[in-house]
Amino acid sequence: LETVPTIKKLRAYAERIRMAELEKCLSKMGDDIPKKTRKAVEDLSRGIVNKLLHGPMQHLRCDGSDSRTLSETLENMHALNRMFSLDT
Amino acid sequence: LETVPTIKKLRAYAERIRMAELEKCLSKMGDDIPKKTRKAVEDLSRGIVNKLLHGPMQHLRCDGSDSRTLSETLENMHALNRMFSLDT
Amino acid sequence: PKKHELISRLKTGKNFLRNQELEKAFMEFKTALELAQNLKDPTEEKKAARGLGASLQRQGKYREAIKYHSMVLAISQREGEDSGNTEAYGAIADCYTELGDLERAGKFYDKYISRLETD
Amino acid sequence: PKKHELISRLKTGKNFLRNQELEKAFMEFKTALELAQNLKDPTEEKKAARGLGASLQRQGKYREAIKYHSMVLAISQREGEDSGNTEAYGAIADCYTELGDLERAGKFYDKYISRLETD
């Protein structure tokens, strides 16, 4: 449960990057972006972020049933906090 | 220096995701994608990946001069290897 | 014409949200939700519900936000089409985290995480 | 006309690369590089060099690959325009890693990493 706030912070961190890059992209594409294109681009940004986050997110959850131990999960959390400066 | 191969593997991992999502996106957008759109979409995919990788990559390098210690860098490496299954 | 107003409400709502004008955003999404319900347009209905959830969440009204994010899940269930669910699970979990209910937050993050690799 | 052939060579080169037909890819990019040099088109020249580097790298010819990835850096310097450098630094570092020269790889990764936050 201690890792839950880290999941939230990591999500927010990635979402900020996603939104900033998406806006840059849409502004480069000019006005009058076809709806289909806009949807495809949004899905692209979400797809990359979600697939990249999947591993770390999974390793922040420790269900006790598998080989992932609590201490390993906490080490993952500490490393993510450091690497993404999530504590500040 | 022990962390160098991890940098390579993490880069390759992210690049696979980026290419797969980019191809999905371009195929959804149909033929005849304007060059400007294509470039914007490629930049988007690269921008998200690069900005997300920046933190972890930085924390895999230990230049000795700052507060980042070797043991901390190795812990980061182990966590990344676990979270992205880079060892297999 | 109604559809046109719906799209435009969603758009201005989004802009208000971006500029942190949260109450104005809420009002736009509220109108959009009613329009979408009248038009029986589940895709736009979800967008309106998500917008309402986001507006409330950023005002710190987490319990109410959960109500609207959950509406996205309900629409998905009703329509047998689960787009937007990943984000809804994540947002609900974020709200429970803010409310200090880490147990429940964890359960919703688990659903969120299990969907991260799907499209 | 020449420009047209250049674009088409780059495109087929990319397709060969995707299908792991690495020698065919190399030939396409090689022709593209010459065309781009004749047309004095540095943007396409970089794309051709990067393609040549990638084709060789995937064949395990790391030393030759480094030569072409370095060409991207040289074109950037010549033109005073550094697009493609991040990828070139990363690719060169990958090659040195494969060659077991972790010291040099680390130096190129440092350049790569320092550019990850720029556009």
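# Chat on the salt bridges and interfaces of a predicted model

User: What do the side chains of D:K47 and D:E44 form?

Analyst: The side chains of D:K47 and D:E44 meet in a salt bridge, at 3.6 Å from N to O, and please keep in mind that this is a predicted model.

User: How far apart are D:K47 and D:E44 in helix α3 of chain D?

Analyst: D:K47 and D:E44 are three residues apart in helix α3 of chain D, so about one helical turn separates them.

User: And D:E44, buried or exposed?

Analyst: D:E44 is buried, its relative accessible area being 3%, while its partner D:K47 counts as partly exposed at 35% relative accessibility. Salt bridges with shared partners also join B:K35, D:K3, D:D41, D:E44 and D:K47 into one network.

User: Which residue does D:K24 pair with in a salt bridge?

Analyst: D:K24 forms a salt bridge with D:E21, and the closest N and O atoms are 3.1 Å apart. Both ends count as partly exposed, D:K24 at 45% relative accessibility and D:E21 at 31%.

User: How many salt bridges does the structure hold over all chains?

Analyst: Over all chains, the structure holds 52 salt bridges. One of them, within chain B, links B:K39 to B:D43, with the closest N and O atoms 2.8 Å apart. These two residues lie in helix α2 of chain B, four residues apart, which is about one turn of the helix, and B:D43 counts as partly exposed at 28% relative accessibility.

User: Switching to interfaces, which chains share the most contacts?

Analyst: Five pairs of chains are in contact, and of these chains A and B share the most contacts. By contrast, no contact joins chain C and chain D, and their closest C-alpha atoms lie 23 Å apart.

User: OK, what area is buried between chain B and chain A?

Analyst: About 3200 Å² is buried between chain B and chain A, and carbon and sulfur atoms give 72% of that area. B:L52, B:R82 and B:M83 supply 23% of the area that chain B buries against chain A, which is more than any other three residues. In terms of residues, 33 from chain B are in contact with 33 from chain A.

User: How many salt bridges are there between chain B and chain A?

Analyst: The count between chain B and chain A is eight salt bridges. Among them is the pairing of A:D43 with B:K28, where the closest N and O atoms are 3.3 Å apart. Across this interface of chain B and chain A there are also eight residue pairs in polar contact, with both residues at pLDDT 80 or more.

User: Which helix gives the most to the side of chain B that touches chain A?

Analyst: Helices α1 (4-28), α2 (35-58) and α3 (70-83) of chain B each supply at least two residues of the side that touches chain A, but α2(B) gives the most, with 14 residues. The residues on the side of chain B that touches chain A divide into 17 nonpolar, six polar and 10 charged.

User: By what turn can chain B be laid on chain A?

Analyst: A turn of 180° with a shift of 0.0 Å along the axis lays chain B on chain A with an RMSD of 0.0 Å, and that is the relation of a two-fold axis. The same surface serves both copies, since 100% of the contact residues of chain B recur in chain A.

User: Backbone next: which residues other than glycine have a positive phi?

Analyst: Two examples are A:D32, with phi near 60°, and D:K40, with a positive phi of about 50°. A:D32 sits in the loop between α1 (4-28) and α2 (35-58) of chain A and is exposed, with a relative accessible area of 78%. D:K40 is in the loop between α2 (22-39) and α3 (42-58) of chain D and counts as exposed at 71% relative accessibility. As general background, most residues other than glycine have a negative phi.

User: Last one, what is A:T3 in contact with, leaving aside its neighbours within four places in sequence?

Analyst: With those neighbours left aside, A:T3 is in contact with A:L60, A:T73, A:L74 and A:M77. A:T3 lies in the segment before α1 of chain A and counts as buried at 5% relative accessibility. Its contact A:T73 lies in helix α3 (residues 70-83) of chain A and counts as buried at 1% relative accessibility. The C-alpha atoms of A:T73 and A:L60 are separated by 5.5 Å, although these residues are 13 apart along the chain.

Key. Residues are numbered from 1 along each chain as its sequence is written. Chains are lettered from A and ligands numbered from 1 in the order in which they are written. This is a predicted model: local features need pLDDT of at least 70, side-chain atom pairs count only at pLDDT 80 or more; totals for chains, interfaces and linings use all residues. Side-chain values use heavy atoms; hydrogens and water are left out. Contact means heavy atoms within 4.5 Å. Buried area is the accessible area (1.4 Å probe) that two parts lose on being put together, summed over both. A salt bridge is a side-chain nitrogen of Lys or Arg within 4 Å of a carboxyl oxygen of Asp or Glu. A polar contact is a pair of N or O atoms within 3.5 Å; within protein, one must be able to donate a hydrogen and the other to accept it, and residues adjacent in sequence count only if both atoms are side-chain atoms. Ala, Val, Leu, Ile, Met, Phe, Trp, Tyr, Cys and Pro count as nonpolar, Asp, Glu, Lys and Arg as charged, and the others, Gly among them, as polar. Copies are superposed by least squares on the C-alpha atoms of residues with pLDDT of at least 70 in both. Buried means under 20% relative accessible area, exposed over 50%, partly exposed in between (1.4 Å probe, protein chains only).
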